[in-house]
Amino acid sequence: MRTNVVLAAGGTAGHVNPMLATARALSELDPEISVTAVGTQTGLEARLVPQAGVDLAFIERVPLPRAVNRAAFAFPHRFRMAVAQSEKILERTQAQVVIGFGGYVSTPVYIAAHRRHIPVVVHEGNARPGLANKLAARFAAAVALTFSNTRLAARRGRTDTIGLPMRDAIVQLAQAQGGRRSLAAAAGKQLGIDPEQPVLFVTGGSQGAQHINEVVSACAEQLRDEGIQVLHLTGAGKDEPVRAAVERVGGTYVVLEYLEQIELAYALADVVITRAGAGMVAEVSALGIPAVFVPFPIGNGEQALNAHDVVEAGGALLVKNENFTEEWIMAHVFPLFRGERLEHMSGAAQSVSALDAAQRLARIAMDVAQKGDAQ
């Protein structure tokens with residue numbers, strides 16, 4: 001009998017990419033499987049899910065209100081509508097299991113599944129779980145975690161630490177014959193970087209990180225003198241100040257707003273300086289790239305928690321945003337390029353981030369579907 005699975009995620013790449021990786025793993029596990037993703041018309045999933053060839057059904061976008069305003073008063077009605085829409089999708093698809101990745105898209109789907117006695121599998125990407133997954137863990141048949149220090153467990157079902165389901169490009173790079181550096185020559189030719197010389201990769205994510213941009217670009221002269229090449233992704237609209245800071249320095253300092261094929265940067269990088277979003281932590285660790293994590297300074301501290309396991313293992317350094325200065329780079333980053341520490345850090349990083357999370361999550365969900373483990 002064909003298995004019918006509904007996936008719930010949306011809004012950000014941090015939710016959508018693991019969902020798509022899991023969808024591929026499910027199809028590889030059972031070519032006859034029926035997979036439907038649930039999202040909203042305004043999130044990244046509206047573009048990325050159809051591009052991946054996965055069926056997509058829409059529900060109302062109902063983020064939790066953060067203040068008492070008009071949206072807050074409208075929230076109860078809109079949320080009930082999203083739950084009703086989710087129930088219709090589950091009925092139409094004859095779903096046997098729901099896999100949710102958290103966020104505002106998942107909550108109404110979780111509730112609809114619980115009402116219809118359809119088992120739920122939760123994947124929590126961050127070290128600090130969100131409200132949606134905390135709710136679902138109360139009745140989930142299984143909870144799967146990216147990080148071992150995440151304090152979330154299925155109240156009645158199983159809980160496993162499996163890692164983060166990753167994009168095919170990352171898995172393929174990690175599994176390339178000769179390792180990721182075997183693709184460095186081609187990547188270097190495309191980006192104008194010598195793969196035989198040290199490379200520092202700097203990124204604050206798609207939105208960029210202004211403080212990281214300012215501090216690293218201010219070190220351009222010292223980086224040149226150390227013989228370190230830089231590939232710097234500034235984020236959209238943040239490249240001009242960096243270009244202005246480095247244009248007269250000389251050396252190899254490549255400035256881009258964004259790089260669609262980030263695996264090219266990964267193939268070249270000896271060290272990466274970056275924020276500590278769950279996806280970035282998992283990807284660079286799985287690839288064995290020694291990292292300097294500069295957690296986002298605003299919020300609930302989840303980025304520092306995301307980096308905890310790999311830092312404890314010796315695969316990365318962690319520095320607070322306010323302590324990340326030119327002097328800190330020269331004292332802590334430059335020495336990494338001078339000895340044999342990078343090789344040790346690479347192995348330590350790989351030890352904490354698995355490449356088969358999507359396959360493991362798919363198998364957990366299929367097992368739950370076959371057992372009908374609704375709580």
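**Strands, sheet and helices**

Strand β5 is covered on both of its faces, since Val 120, Val 122 and Glu 124 on one side and Val 121 and His 123 on the other are all buried. This is a description of a predicted model, and in that model the strand, which spans residues 120–124, is mostly covered, with five of its five residues buried. The division into two sides follows a general pattern, because in a regular strand the side chains alternate between the two faces of the sheet. On the pairing side, strand β4, made of residues 97–100, is joined to β5 by three bridges, and the two strands run parallel. Within this pair, Gly 100 stands opposite Val 122 in β5.

Further along the chain, strand β8 (residues 199–203) can be read in a similar manner. The strand β8 is mostly covered, five of its five residues being buried, and both of its faces take part in this: Val 199, Phe 201 and Thr 203 lie on one side, Leu 200 and Val 202 on the other, and all are buried. Strands of a sheet pair through backbone hydrogen bonds, either parallel or antiparallel. For β8, one partner is strand β9 (residues 229–233), to which five bridges join it in the parallel sense, with Leu 231 of β9 as the bridge partner of Phe 201. Another partner is strand β11 (residues 271–274), with which β8 pairs over four bridges, again in parallel, and here Leu 200 stands opposite Val 271.

From β11 the pairing can be followed onward to strand β12 (residues 291–293), which runs parallel to β11 and is joined to it by three bridges, with Thr 274 standing opposite Phe 293 in β12. These pairings belong to an open sheet of six strands in the order β10-β9-β8-β11-β12-β13, whose pairing is parallel. The edge strands of this sheet are β10 (253–256) and β13 (316–318), each of which pairs on one side only. From one strand to the next, the twist averages 15°.

Several helices accompany this part of the chain. Helix α12 (residues 278–286) packs with helix α13 (residues 302–313) at an angle of about 15°, the axes of the two helices lying 9 Å apart. Because angles under 35 degrees count as roughly parallel, α12 and α13 are therefore roughly parallel to each other. The crossing in which α12 passes α13 is left-handed. On the side of α12 the contact is made by Ala 278, Val 281 and Ser 285, and on the side of α13 by Asn 306, Ala 307 and Val 310. Sorted by class, the residues of this contact of α12 with α13 are four nonpolar and two polar, with no charged residue.

Helix α15 (residues 341–350) brings helices and strands into one picture. The buried residues of α15 are Leu 342, Met 345, Ser 346, Ala 348 and Ala 349, and what covers them includes β11, α12, β12, α13 and β13.

A last residue to locate is Gly 250, which lies in the loop between α10 (239–246) and β10. With a relative accessible area of 38%, Gly 250 is partly exposed, because that class lies between the buried limit of under 20% and the exposed limit of over 50%. Gly 250 and Asn 149 are 101 residues apart along the chain, and their C-alpha atoms are separated by 44 Å.

Definitions and conventions:
Residues numbered from 1 in each chain as written. Predicted model: local features only at pLDDT ≥ 70, side-chain atom pairs only at ≥ 80, totals over all residues. Heavy atoms only, no water. Axes fitted to C-alpha atoms, helices over the stretch in contact; angles between N-to-C directions. Parallel < 35°, antiparallel > 145°, perpendicular 65-115°, else oblique. Left-handed = near helix turned anticlockwise from the far one by under 90°. Contact = heavy atoms within 4.5 Å. Nonpolar A, V, L, I, M, F, W, Y, C, P; charged D, E, K, R; others polar. Buried < 20%, exposed > 50% of the residue type's maximum accessible area, 1.4 Å probe, protein only. Pairing = 2+ DSSP bridges.
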